[in-house]
Amino acid sequence: MRHLLALVATLAASLGTNLVARPANAQDTGSADAGRTKAGVCAACHGADGNSVNPEWPSLAGQHADYIVSQLTAYREGRRQNALMSPQAMVLSDEDMHDLAAWFSSQPLSPKEADPALVNRGRQLYTGGDADRGIAACIACHGPQGRGNPLSGYPSIAGQHAAYSAAQLRLYASGERQGANAMMRNIAGNMTEDDIKAVTSFIQGLR
Ligand code: HEC
Ligand code: HEC
């Protein structure tokens, strides 16, 4: 297991450095101006500029456009389900999704703080993982700043509300959120509730 995790980390890290020169929105075809107009219906929950004020609801500001489109598509097709969000995605066309993604990805994310009591444990898990328990280091895919890697489909998680991120880790662990592949299900499935609280608090403070 230890070797496998090390290999995954090395591959992900080298992928990240090779692709870092490409612009974040290389594949985005949406119009941010059109997206701004269409985002009125999203504002109640995600904020007009993608900075949500409710910690249970994700901020979208600064998220990779392709990831936003992939998640909206997953809700529309029922691969990801949520009582509040699924009905919103059902009525969106592909063009709407690309426009909304262009808008929210271009907005600056408001910085947040980590809980000082959790930050050391959180940083340790984020940067080193726990190979003995099958927890791959988050940094390998989500990067040192938590900005992810758009071309690999690794989302930006920096500055995200800890309550939302923790809820997602629990959904991966239970299998309710399938994700595009097994990566996050395997990792989250090996985490304790204390691990989840610490690492998501650390992520919330990343900028
Ligand atoms: C009534 C509240 C509400 C409205 C309105 C709403 N959303 Fe959401 N959205 C949510 C919630 C809650 C989640 C997290 C659901 C989950 O756990 O899967 C979410 C999740 C998302 C995600 C996934 C974020 C991630 O990091 O994985 C995207 C993208 C998204 N919403 C985009 C939109 C867009 C675009 C609109 C407007 C067309 C919109 N939402 C309108 C509540 C809402
Ligand atoms: C091998 C690569 C990889 C590693 C290592 C990894 N992740 Fe992920 N992570 C992903 C991918 C890919 C997704 C998107 C999966 C999907 O399709 O739902 C994701 C999604 C997430 C999300 C949901 C983001 C959102 O906006 O909904 C959170 C939170 C998250 N990861 C946290 C972590 C934490 C915490 C760790 C370390 C304990 C970690 N990840 C390690 C690849 C990885």
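**Figure 1. Helices that line ligand 2.** Helix H8 (139-142), helix H9 (162-174), helix H10 (183-189) and helix H11 (193-205) each give at least two residues to the shell around ligand 2. Helices are DSSP runs of H or I with at least four residues, strands are runs of E with at least two, and both are numbered from the N terminus. H9 contributes the most to this shell, with 4 residues. The model is predicted: local features need pLDDT of at least 70, side-chain atom pairs count only at pLDDT 80 or more, and totals for chains, interfaces and linings use all residues. Residues are numbered from 1 along each chain as its sequence is written, chains are lettered from A and ligands numbered from 1 in the order in which they are written, and side-chain values use heavy atoms, with hydrogens and water left out.

**Figure 2. The shell around ligand 2.** The shell holds 24 residues. A residue belongs to it if one of its heavy atoms lies within 4 Å of the ligand. Cys 138, Cys 141, His 142, Tyr 172 and Met 184 come nearest. By class, the shell splits into 19 nonpolar, 4 polar and 1 charged. Nonpolar covers Ala, Val, Leu, Ile, Met, Phe, Trp, Tyr, Cys and Pro; charged covers Asp, Glu, Lys and Arg; the others, Gly among them, count as polar. Cys 138 counts as buried, because its relative accessibility is 18%. Buried means under 20% relative accessible area, exposed over 50%, and partly exposed in between, with a 1.4 Å probe and protein chains only.

**Figure 3. Polar contacts of ligand 2.** A polar contact is a pair of N or O atoms within 3.5 Å; within protein, one must be able to donate a hydrogen and the other to accept it, and residues adjacent in sequence count only if both atoms are side-chain atoms. The side chain of His 142 places an N or O atom 2.8 Å from a nitrogen atom of ligand 2. Two contacts involve ligand oxygen. The side chain of Tyr 164 has an N or O atom 2.9 Å from an oxygen atom of ligand 2. For Arg 177, a polar side-chain atom is 2.8 Å from an oxygen atom of the ligand.

**Figure 4. The shell around ligand 1.** Ligand 1 is surrounded by 20 residues. The closest are Cys 42, Cys 45, His 46, Tyr 75 and Met 85. This shell divides into 14 nonpolar, 5 polar and 1 charged. Cys 42 counts as buried, because its relative accessibility is 15%.

**Figure 5. Polar contacts and helices of ligand 1.** His 46 has a polar side-chain atom 2.7 Å from a nitrogen atom of ligand 1. An N or O atom in the side chain of Arg 80 lies 2.8 Å from an oxygen atom of ligand 1. In the side chain of Tyr 164, an N or O atom is 3.1 Å from an oxygen atom of ligand 1. Helix H3 (43-46), helix H4 (65-76) and H9 are the elements giving two or more residues to the shell. H4 gives the most, with 5 residues. Tyr 164 thus appears in two views: it has a polar contact with ligand 1 and with ligand 2.

**Figure 6. The aromatic pair.** The whole structure contains 1 aromatic pair. The ring centres of Tyr 126 and Phe 202 are 5.4 Å apart and the planes meet at 50°, so the pair is tilted. The pair links distant parts of the chain: Tyr 126 sits in helix H7 (residues 119-128) and Phe 202 in helix H11, 76 residues apart. Rings of Phe, Tyr and Trp (its six-membered ring) pair if their centres lie within 6.5 Å; planes under 30 degrees apart count as stacked, over 60 as edge-to-face, the rest as tilted. Both Tyr 126 and Phe 202 are buried.

**Figure 7. Gln 63 in its loop.** Gln 63 lies in the loop between H3 and H4. It counts as buried, because its relative accessible area is 10%. A polar atom of its side chain is 2.9 Å from the backbone oxygen of Ser 156. Leaving out residues up to four places away in sequence, Gln 63 touches Ile 68, Ser 105, Pro 155 and Ser 156. Contact means heavy atoms within 4.5 Å.

**Figure 8. Ala 34 in helix H2.** Ala 34 is in helix H2 (residues 32-38). It counts as partly exposed, because its relative accessibility is 26%. The C-alpha atoms of Ala 34 and Ala 102 are 8.9 Å apart, with these positions 68 residues apart along the chain as the separation.

**Figure 9. The chain behind the close-ups.** The chain has 11 helices and 0 strands. Of its 207 residues, 43% count as buried. Among contacts between residues at least 6 apart in sequence, 68% join residues at least 24 apart. The search for disulfides, pairs of cysteine sulfur atoms within 2.5 Å, finds 0 in the whole structure.
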